[in-house]
Amino acid sequence: MKGSLLLALLMLAPTEAVVRDGESLAEVAQRTLGDRGGASELKALNGLKDNAVAPGTKLKLPGPNRELAQRVLTTARNALAAADTKAARREEAAAKLKEAEAYFQGARYDEAAQAADGAWKLVAGPAPQPTAFTVNVTDKGITTVKSRSGQPVRVEAEGVTRPVHPGESVSVEKGQPPPPPRAPLGVPQPTSPADRLKLTVQPAKGGPSPVTLTWKAVEGAEGYEVELVPSRGEKRTLQASANQLRVPLAAGVYRWSVRAVAREARSEASAEQGFEVAEAPAKPINLQVQPSKWK
């Protein structure tokens with residue numbers, strides 16, 4: 001019923017207005033649209049070159065699509081205002097909303113509604129994640145707060161408050177204000193051996209030949225953890241202080257990944273890669289026997 005009544009009222013709305021004596025375009029917009037800023041819409045809608053209009057001039061008024069565009073614009077503005085300033089696509093949404101506002105001022109209401117809807121979709125996204133964080137206190141009184149998801153966690157000490165966004169962590173010493181949060185560690189990218197590469201190594205004396213694993217260094221990392229999984233055998237977790245590791249490996253197929261570590265922080269594991277180790281065939285032994293005089 002309410003929807004039908006609204007449609008009826010829109011159909012009864014005037015489609016044109018006559019400029020009164022001494023009335024400016026902004027005053028006509030205030031009288032007909034309830035907004036002096038609508039003067040730019042009337043100007044575009046009626047093809048006027050300036051704001052001067054003679055009394056008695058008949059001006060075309062916007063249709064019902066203006067109200068629809070207004071509603072979509074309001075929804076998009078509210079969504080952008082409520083979005084986290086660190087939202088991934090906030091700047092893109094702001095640009096889209098600015099485009100929608102320009103369309104609206106030019107009386108291009110359908111395009112304004114479409115652009116505003118696009119801006120809303122960029123920041124609305126899926127339902128927000130629940131806020132999750134962990135708190136760890138060491139024997140020395142150092143409290144570490146790590147935000148995992150949802151809204152930023154606010155850490156306050158000694159009159160100083162720090163927002164900790166998802167992925168960040170902050171360690172606070174007793175009696176000290178919280179330092180700036182630490183950004184999450186980047187994920188190392190394996191560089192060698194290349195994925196699915198077959199390595200041929202020379203047999204080594206006393207055991208398997210060493211293979212060198214390398215990856216791109218990560219800023220802020222204090223070390224790395226390498227997870228090595230043979231096709232036969234148990235998974236191994238190896239520590240490295242730099243962005244490479246030499247490890248003796250017997251012939252076989254292996255999968256491996258690496259993550260960066262620092263105090264109270266560990267990155268996500270890299271994408272897993274694989275390689276095969278094969279021992280080179282032993283070199284043939286050339287034996288030469290000297291002729292003997294014995295019969």
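What share of the contacts with a separation of 6 or more in the protein chain comes from residues 24 or more positions apart? The figure is 53%. Keep in mind that this is a predicted model. Now for some exercises.

**Exercise 1. Take stock of the chain: how many helices and strands does it have, and what percentage of its residues count as buried?**

Step 1. Counting secondary structure along the protein chain gives six helices and 16 strands.

Step 2. Turning to burial, 31% of the chain's 295 residues count as buried.

**Exercise 2. Describe how helix α4 packs against helix α5.**

Step 1. Begin with what to look for: a pair of packed helices is described by the angle and the distance between the axes.

Step 2. Find helix α4 at residues 65-82 and helix α5 at residues 90-105; their axes cross at roughly 155° and come within 11 Å. Angles over 145 degrees count as roughly antiparallel, so α4 is roughly antiparallel to α5.

Step 3. The crossing of α4 past α5 is left-handed.

Step 4. On the α4 side, the contact is made by R66, A69, Q70, L73, A76, R77, L80 and A81, and on the α5 side by R90, A93, A94, L97, A100, E101 and F104. Sorted by class, these contact residues comprise 10 nonpolar, one polar and four charged.

**Exercise 3. Repeat the analysis for α5 and helix α6.**

Step 1. Helix α6 covers residues 109-124, and its axis comes within 8 Å of that of α5, with a crossing of roughly 165°. The angle therefore makes α5 roughly antiparallel to α6.

Step 2. Here, too, is the handedness: α5 passes α6 in a left-handed crossing.

Step 3. Many residues take part, including A93, L97 and F104 of α5 and A112, A119 and L122 of α6. The classes in this contact are 12 nonpolar, one polar and five charged residues.

**Exercise 4. Is A119 buried or exposed, and which residues beyond its sequence neighbours does it contact?**

Step 1. Locate A119 in helix α6.

Step 2. The relative accessible area of A119 is 4%, and buried means under 20%, so A119 is buried.

Step 3. Setting aside neighbours within four places in sequence, A119 contacts A76, A93, K96 and L97.

Step 4. For a long-range view, compare A119 with L73: 46 residues separate them in sequence, while their C-alpha atoms are 9.1 Å apart.

**Exercise 5. Which residues of strand β5 lie on its covered face, and how does β5 pair with strand β6?**

Step 1. Recall that side chains in a regular strand alternate between the two faces of the sheet.

Step 2. In β5, residues 153-157, the covered face holds V153, V155 and A157, and the uncovered face holds R154 and E156.

Step 3. Five bridges join β5 to β6 (residues 160-164) in the antiparallel sense. Across from V155 stands R162 of β6.

Step 4. The hairpin of β5 and β6 has two residues between the strands, and there E158 takes a positive phi near 55°.

**Exercise 6. Which strands stand at the edges of the sheet β8-β10-β13?**

Step 1. The order β8-β10-β13 describes an open sheet of three strands with antiparallel pairing.

Step 2. β8 (190-192) and β13 (244-249) each have a single partner strand, so they stand at the edges, each with one side lacking a neighbour in the sheet.

Step 3. On average, neighbouring strands of this sheet are turned by 35° against each other, direction ignored.

Step 4. Strand β10, residues 209-215, pairs with β13 over six antiparallel bridges, and V211 has V247 of β13 as its bridge partner.

Note on methods
Residues numbered from 1 in each chain as written. Predicted model: local features only at pLDDT ≥ 70, side-chain atom pairs only at ≥ 80, totals over all residues. Heavy atoms only, no water. Axes fitted to C-alpha atoms, helices over the stretch in contact; angles between N-to-C directions. Helix = DSSP H or I, 4+ residues; strand = E, 2+ residues; numbered from the N terminus. Parallel < 35°, antiparallel > 145°, perpendicular 65-115°, else oblique. Left-handed = near helix turned anticlockwise from the far one by under 90°. Contact = heavy atoms within 4.5 Å. Nonpolar A, V, L, I, M, F, W, Y, C, P; charged D, E, K, R; others polar. Buried < 20%, exposed > 50% of the residue type's maximum accessible area, 1.4 Å probe, protein only. Pairing = 2+ DSSP bridges.
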